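Biologist: Got a minute to walk me through this one? I'm new to it.
Modeller: Sure, let me put it on screen.

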Amino acid sequence: MSRISVRGFAVASATAVTTVGAVVGVAAGGTPAADDNNFEAAAADTTLLADIPAGQQAAVQTASLTQQADAQASAADAAAKKSAEESARIQAAKDAKSKKQAAEDRAEAERKAEQKKKDDAERASRSSVRDASSFSAQGSYSVAEVQAMARQMVPADQFQCFSNIVNHESTWNYRATNPSSGAYGLMQALPGSKMSSAGADWQTNPATQIKWGLSYMDGRYGSPCGAWSFWQANNWY
């Protein structure tokens, strides 16, 4: 029976063929090659497939294939798990970005709605004010009458700021005069003649002075409240 090595069927077979050839050579009168003892010594440390029973050979081969299949399956599972985790991470990032954008969009929409509400209220307030020419001229006016005129001419959301300035400048006296500088009227215009741009009766008509003062505050500070903020920081406007 031929002895076939597990580690190399082709090598063992070739060696066996060589050995057979050597024996044949001796029989034929040729030069002897290595004897059988040398061949056995070379293969002594080799586990031979022929030494393993046939059933166990099949079991060894099956176990090897099973191990390979298990290793491949484990690698495939790990790759699938890693891919799933990466996909989940990417999706979570997309979801977070979408939620953030939605929140920013809602905040912007609310801000615009609030601003529109304020703008509408301001327009409504301004459209409801009376012009100086709508008041009948009188010989004189009390503080209460002057304040009532101002409430009808100044937008409601700006009246308190307007009133604060007038309180500090003239205490609502439309004929108030500063003897040092010559400033005149409710707003202490300097010189007082500047108020002629609002009407020729600027010296005697509080409505004309209020009209001029409101125009001045809007033009220079954006509004009476803007003028009042400046006044608080500087004690003049």
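Biologist: Which residues of α4 meet α6?
Modeller: Val146, Met149, Ala150 and Met153 in α4 meet Pro206, Ala207, Ile210, Lys211 and Leu214 in α6. Contact here means heavy atoms within 4.5 Å. The residues of that contact are eight nonpolar, no polar and one charged. Ala, Val, Leu, Ile, Met, Phe, Trp, Tyr, Cys and Pro count as nonpolar, Asp, Glu, Lys and Arg as charged, and the others, Gly among them, as polar.

Biologist: And what can I trust here?
Modeller: It's a predicted model, where local features need pLDDT of at least 70 and side-chain atom pairs count only at pLDDT 80 or more, while totals for chains, interfaces and linings use all residues. Numbering runs from 1 along each chain as its sequence is written, and side-chain values use heavy atoms, with hydrogens and water left out.

Biologist: At roughly what angle do the axes of α4 and α6 cross?
Modeller: Roughly 45°, with the axes of α4 (residues 143-153) and α6 (residues 206-221) coming within 10 Å. Axes are lines fitted to C-alpha atoms over the stretch in contact, and angles run from 0 to 180 degrees between N-to-C directions.

Biologist: New topic: how many helices and strands does the chain have?
Modeller: Seven helices and zero strands. Those are DSSP runs, helices being H or I of at least four residues and strands E of at least two, numbered from the N terminus.

Biologist: What share of the chain is buried?
Modeller: 25% of the 237 residues, buried being under 20% relative accessible area with a 1.4 Å probe, protein chains only.

Definitions and conventions: Buried means under 20% relative accessible area, exposed over 50%, partly exposed in between (1.4 Å probe, protein chains only).
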